[in-house]
Structure formats: structure tokens, C-alpha cells
Amino acid sequence: MVGVAGESAATQLAFAADSYTGDTLVVLSLRGGFDGLSAVAPVGDPSYFAARPSIGIPVSRAIRLDAMFGLHPALAPLKAIWDAGGLAAVHAVGQVNPTRSHFEAMTTMENAAPGSTIRTGWLDRMIGLTGPVSTFGSTAVGAASTPPSMIGPSPEIAVQSVDGFAISGAGTATEQARWATVINALYAGAPPALAAPAKAAVEAVSTMSSLKAAGYVPANGAVYPKGAVGDSLRDLARLIKAGVGLRAATIDVGNWDMHTGLGSSDSGWMFRQLTELGQALAAFNQDLGSKMADVTLVTLSEFGRRVAENASGGLDHGHGNVSLVMGGGVRGGKVYGRWPGLAAASLVDGDLAGTTDYRTLLAEALEQRAKLSSATVFPGLASGRLGMFAPKA
């Protein structure tokens, strides 16, 4: 692996013409155990209010999606996308062998091959099916390193920020050019296994330098909120519109582990987090405009939270969760998945049951929008699908 860094970037890349015609798949990971029962609240289930007397979303505050579910008021910027059919939700999403351990749940989710001996990440396996990969084909945005889902032989790159992307120690354009000359000379005639990553690093820096020089103003009046998720989605939109060959991208957003002081429907920790998330997703959709037709974005989290609030006004680790899905190929305006209900007899050890394997929605995205087979990406996955994506032409 060759490292290039400013604020930080790492690269392991291959170069080729980009013949891929599927969507750019964006995985927005909500790290720490996202509470789907706050984001898309089952306000039509009386057991919800009994379990959450102080932190539940009141019916009067919920943005109704259907007879059962309401969107958290902090996610109000997403309602227009929902109404236009560009946003859907899948509720009661879970894993085959649920666990309340952050580490175990994240490791299993990013490997996505339970019961097998496969150790690569599922996005690495996906990229391996798409043919020769250009420099930014598989990119972690807003990160100093790539996530476990990208572990494996396929090339990938991590970009903490577009404007901070540079060869480590080279602070000016002149220094960057000198380093590029030195690296090219150093690896001239070297074996491909050594020369290719070095060449990749130089070409990646050159591409990013061009983007930085051009500057960036979001289109269509889009305004991103300040913060990690807004910054990362802004950079991602920038890369997509620059046509750098993105096939898969990841963004990690932390700070969802709300054991205490989750807050109310109009203030507090969850309200602040969802406000930034909703504004950032809405800005991303607005910024991309017609280019959103070739993007599929999915939110994932390692597990959900307990149904019942705890004595500290928070929520402990649970199981079932919600995933938001946004893009031009989404059959939106609908909550997908089988809702098991929150009555005591329907819970799994006090948790929302996971009735839809998270891999099911990802597999359908690959099949319908990336135009790939999901069999080797998600080995052993059942064939049932949700019907939430229109086939890509």
C-alpha cells in the first residue's frame, strides 16, 4: 500500500478504463448503534409509547409516512424526497446471528458472509465483479483508512477530504510536483506489484489537485450543514460530478451510542444528530440533481437500540433497526419489510426482531442497480427480495 496524506489519505489502486455502467453505491454507516425507532417511529403501535414514555416521538410531532410510521421531526428535510419517490425505508432490519457487541456486530456486518470462511469485505467482493477499476472506483470518504467492508484484493482509496488530499509532507503545489517526479523516478522499471500503487498515488494526487484548483460550489442552491456528515457528502458529490469513476463509496458517521440523555423530539442529542443527517442527505440529493439517477445510497448500522428506554433517558444495545435508502432507482415513498410489532410476545429478548436480513436490500441494490450477481458477494443469502428498486436500464 502506498500512502498519500494531507489531512490523511491512503491508497491501494489499479488503473484501467472505466467500463462499469451501474449505479454508484454509497454506504452511509451510522456507527454506534443507530436508533431506528426514533428515526422512523412506529407511532401506530401503542406498545411504542408504553416502552418510551419520555423519549418517544409524539404522534403530534411525527411526520406521518403511513398509518404505522412517522419520520422524526428533525428529518423533515427528507419528506420532500420521500414524497417524490426518491427515498424509502426498510424497518426491522437485522443480522442472521444478532449480537449486542459493537465490535462483533460491525465485523460480521462488513464481512457479510456469516457461516462461511470468507474473510474479505462485501464491498471488496462487489468491486471485484465490476471489472478493471479506475483510481477512485472504491472510495472511503471522510476517513483516514478504508473500512473492513473493503478488505481484500480489490483496490481502494481513503480520502479524508478533497481539499486536504496531498502527498504527506508536501504542502505546496511545487512540492507536490517534486515528490511526484521523485516517486515516478524511484519506481521506474520496478515490478508491477510495486510500481502500480506508486503510480496510483501520484495520479490520485494529480486528480485531486485539479479538483482543488477548480474549487467547488454545490449546485441547485444546495447548502450542506457544517459537520462530518455534511462535509463528507459534499466531497462525495464533488467526486461523483467530477466523473472520477466511483463505483462504491463509504462514509462513516459516529456518535449514535446513546445510552444516556437521548433527548426529546425537539431537542437533545438525537435531535441534533438527526438534524445534521437530514440536512446533509437533502443537500446531497439537491446538489446532485439529475445525477442522483445513477446513485443508490443506503444507511446501515451494526444494530438497533432496545425498545424500552432505560432509567438514564437513553437506550441500550438492541437488535432490529431501520435502513434508509435514497436514489433515482428507488421505488420510494414506502416503508418496506415485515413489521413484527412491539408487543412483548413479538420481541426478541426485549428487542425489535430483525425480520429482514440487511443483506437482502443490499443484494437487490447490486442486482437491480449495479447490474451484478449477488451470489458471491452474499453467499448463502435467501433469494427473496423486497421489490424496492427499479431495474437499471
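A nonpolar core is a set of buried Ala, Val, Leu, Ile, Met, Phe, Trp, Tyr and Cys residues joined through side-chain atoms within 4.5 Å. With that term in hand, the tour can begin; please keep in mind at each stop that the model on the screen is predicted.

**First stop: the nonpolar cores**

Select Leu233, Leu236 and Phe284, which are the residues with the most contacts inside the largest nonpolar core, a set of 80 residues. Then colour helix α9, which runs over residues 269–288, since the largest share of this core, 10 residues, comes from that helix. Apart from this core lies another one, of 33 residues, and you can find it by selecting Val93, Val298, Phe378 and Leu381, which are among its members.

Return now to leucine 233, which you will find in helix α8. Is leucine 233 buried or exposed? Its relative accessible area is 0%, and because buried means under 20%, leucine 233 counts as buried. If you leave aside its neighbours within four places in sequence, leucine 233 is in contact with Tyr224, Ile251, Ala280, Leu281, Phe284 and Leu297. A distance can be drawn here as well: the C-alpha atoms of leucine 233 and asparagine 285 are separated by 9.7 Å, while the two residues are 52 residues apart along the chain.

Phenylalanine 284 is the next residue to select, and its contacts, again without the neighbours within four places in sequence, include Tyr224, Leu233, Leu236, Ala237 and Ile240. The list for phenylalanine 284 also holds Met292, Val295, Leu297 and Met326.

**Second stop: the exposed loop residue lysine 226**

Move to the loop between α7 (192–214) and α8 (228–242), where lysine 226 has its place. With a relative accessibility of 81%, lysine 226 counts as exposed, because the word is used for residues over 50%. Select glutamate 276 together with lysine 226: the C-alpha atoms of the two are separated by 7.9 Å, although the residues stand 50 residues apart along the chain.

**Third stop: the largest pocket**

Rolling a probe the size of a water molecule over the atoms shows where empty space is left. The largest pocket has a volume of about 270 Å³, and to centre your view on it you can select Gly22, Thr24, Ile240, Leu246 and Asp294, which lie nearest its centre among the 15 residues of its lining. Coloured by type, the lining of this pocket divides into six nonpolar, five polar and four charged residues.

**Fourth stop: the cavities**

How many cavities of 30 Å³ or more does the structure hold? There are four of them, and two are visited here. The largest cavity has a volume of about 130 Å³ and a lining of 16 residues, of which Gly94, Gln95, Ser301, Glu302 and Phe303 lie nearest the centre. Strand β7 (87–94), helix α4 (102–111) and strand β12 (321–327) each supply at least two residues of this lining, and β12 gives the most, with three residues. By type, the lining of the largest cavity holds eight nonpolar residues, seven polar ones and one charged.

For the second largest cavity, with a volume of about 110 Å³, select Ser29, Arg31, Met109, Glu110 and Leu300, which lie nearest its centre in a lining of 15 residues. Here β3 (24–30), α4 and α5 (122–128) each supply at least two residues, and the lining divides into eight nonpolar, four polar and three charged.

**Fifth stop: serine 301**

Serine 301, one of the residues nearest the centre of the largest cavity, is placed in the loop between β11 (295–300) and β12. Serine 301 is buried, with a relative accessible area of 9%. Show its side chain and look for two polar neighbours: the side chain reaches the backbone oxygen of leucine 30 at 2.6 Å, and a polar atom of that side chain lies 2.9 Å from the backbone nitrogen of phenylalanine 34. Beyond its neighbours within four places in sequence, serine 301 is in contact with Leu30, Gly33, Phe34, Met109 and Asn321.

**Last stop: two residues with positive phi**

Select alanine 92 in strand β7, where phi is near 60°, a positive value in a residue other than glycine. Alanine 92 is buried, with a relative accessible area of 0%. Finally, go to lysine 371 in the segment after α10 (358–368), which has a positive phi of about 60° although it is not a glycine. Lysine 371 is partly exposed, with a relative accessible area of 38%.

Technical notes. Residues are numbered from 1 along each chain as its sequence is written. This is a predicted model: local features need pLDDT of at least 70, side-chain atom pairs count only at pLDDT 80 or more; totals for chains, interfaces and linings use all residues. Side-chain values use heavy atoms; hydrogens and water are left out. On a 1 Å grid over the protein atoms alone, a cavity is a set of points where a 1.4 Å probe fits but cannot get out, and a pocket is an open set with protein on both sides within 12 Å along at least five of seven lines; lining residues have an atom within 4 Å of a point. Grid points are joined across faces, edges and corners, and a volume is the space filled by probe spheres set on the points. Ala, Val, Leu, Ile, Met, Phe, Trp, Tyr, Cys and Pro count as nonpolar, Asp, Glu, Lys and Arg as charged, and the others, Gly among them, as polar. Helices (H or I, at least four residues) and strands (E, at least two) are DSSP runs, numbered from the N terminus. Buried means under 20% relative accessible area, exposed over 50%, partly exposed in between (1.4 Å probe, protein chains only). Contact means heavy atoms within 4.5 Å. A polar contact is a pair of N or O atoms within 3.5 Å; within protein, one must be able to donate a hydrogen and the other to accept it, and residues adjacent in sequence count only if both atoms are side-chain atoms.
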